[in-house]
Amino acid sequence: LPEARCLFAVWVLALVESDDDVAVEELRRAQALDPLNSICYVHGAFLFTVIGRYDDAIADAVRAVELNPTAFSAHLAETYARTWAGDVDRAMAAANRALQLSGRHPWVISMLTQLYVTRDDRVRAEAAHQELVSRSLTSHVQWLWLANSAVSLGRLDEAMDYAMRSVKVNDGFGPWFVRWPLGEKFRGHPRYPELRRLAGL
C-alpha cells in the first residue's frame, strides 16, 4: 500500500517523530513501488516542504501535476511548495489552477493570504482571510488553515486560538503545528508549550 507508506512517512516519521532521513526513505520506497501514482508525489511535496527541502518539494509537486494534471491535490501541493520556497509568481499561478479545480477550496484561500502578504498586497490578504472567517461560520473550515492565514497577517494570538481549537477537537492537522513552515513565527508564543502538550507531542 504505497499511499499508506507515504502517509506514515509524512504524519508519523516527519511530523511526530522528526525522523527526516527515515521519512524520506519510506517516501521514496512508496514512490518506487507505484511510480505513476500522483498522490505519492503530492505527499512527497508535503514531506519535503515540512523538512525544508524546497527544491525537492517543488520537483515532487511538478511530477504530481505531470502525472495527473486535473488533480486538485497536485496543484495544491505545487502551491504549498512554491509558496514556502519563495517562488511567489509560480505559486500564485498554481493557486489559481487549484482554485479553478476546487471551487475556492479553503486550503488554497489560506495560502493566498500568505502570498498576498508576500507581495505587500495587504488589502487582498485581508480579504482572503475574511473570506475564510466568514465561510467558517456556515461550513467546515479546518482550524489549521485559519491559523495559517492569521499568522500570515501577523495575528499570532488569533492564530493560536485557532490552533488550540484544532488540537482540542483532535483535528488530524494537529501535528502540523510542530513543523509547520510558518512555525518560526509561532513557536515563541507563550501558549506554544500548552499546544504541544494538548496535541500529545
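A surface patch is made of residues with over 30% relative accessible area and no salt bridge, and like charges are joined within 9 Å. Keep that in mind as you explore this structure, which is a predicted model. In it, Glu-17, Asp-19, Asp-21 and Glu-25 gather in a patch of negative charge on the surface. Here is a short tour, from the whole chain down to single pairs of side chains.

**The whole chain**

- The chain has 12 helices and zero strands, so if you read the elements from the N terminus on, you meet α each time.
- The C-alpha trace spans about 45 × 35 × 30 Å along its principal axes.
- For 201 residues, a compact globule would have a radius of gyration near 17 Å, and the chain agrees with its 16 Å.
- Of the 201 residues in the chain, 51% are buried.

**The negative patch**

- Let's start with Glu-17, which sits in the loop between helix 1 (2-14) and helix 2 (20-33).
- Glu-17 has a relative accessible area of 49%, so it counts as partly exposed.
- Its companions in the patch of negative charge are Asp-19, Asp-21 and Glu-25.

**Salt bridges: the pair in helix 2**

- The whole structure holds 17 salt bridges, and a few of them are worth finding on your screen.
- One of them links the side chains of Glu-26 and Arg-29, at 2.8 Å from N to O.
- These two residues are three apart in helix 2, which means that about one helical turn separates Glu-26 from Arg-29.
- Are the partners buried or exposed? Glu-26 is buried, because its relative accessible area of 13% is under the 20% cut-off.
- Arg-29, on the other hand, is partly exposed at 39% relative accessibility.

**Salt bridges: Arg-53 with Asp-56**

- The side chains of Asp-56 and Arg-53 also meet in a salt bridge, again with 2.8 Å from N to O.
- Asp-56 is partly exposed at 25% relative accessibility, and Arg-53 is partly exposed too, at 38%.

**Salt bridges: the pair in helix 4**

- Arg-63 and Glu-66 form a salt bridge whose closest N and O atoms are 3.4 Å apart.
- Both residues belong to helix 4 (residues 54-67), where they are three residues, or about one turn of the helix, apart.
- Arg-63 is partly exposed with a relative accessible area of 31%, whereas Glu-66 is exposed with 53%.

**A salt-bridge network**

- Which residues are joined into one network? Glu-78, Arg-82, Asp-87 and Arg-97 are, through salt bridges that share partners.

Technical notes:
Residues are numbered from 1 along each chain as its sequence is written. This is a predicted model: local features need pLDDT of at least 70, side-chain atom pairs count only at pLDDT 80 or more; totals for chains, interfaces and linings use all residues. Side-chain values use heavy atoms; hydrogens and water are left out. Patches are made of residues with over 30% relative accessible area and no salt bridge: like charges are joined within 9 Å, nonpolar side chains (Val, Leu, Ile, Met, Phe, Trp, Tyr) within 5 Å. Accessible areas come from the Shrake-Rupley method with a 1.4 Å probe; for residues, only the protein chains shown count as cover. A salt bridge is a side-chain nitrogen of Lys or Arg within 4 Å of a carboxyl oxygen of Asp or Glu. Lys and Arg count as positive and Asp and Glu as negative; His and the chain ends are not counted. The place of a charge is taken as NZ of Lys, CZ of Arg, CG of Asp or CD of Glu. Helices (H or I, at least four residues) and strands (E, at least two) are DSSP runs, numbered from the N terminus. Buried means under 20% relative accessible area, exposed over 50%, partly exposed in between (1.4 Å probe, protein chains only). The radius of gyration is taken over C-alpha atoms; the globule rule is 2.2 Å times the number of residues to the power 0.38.
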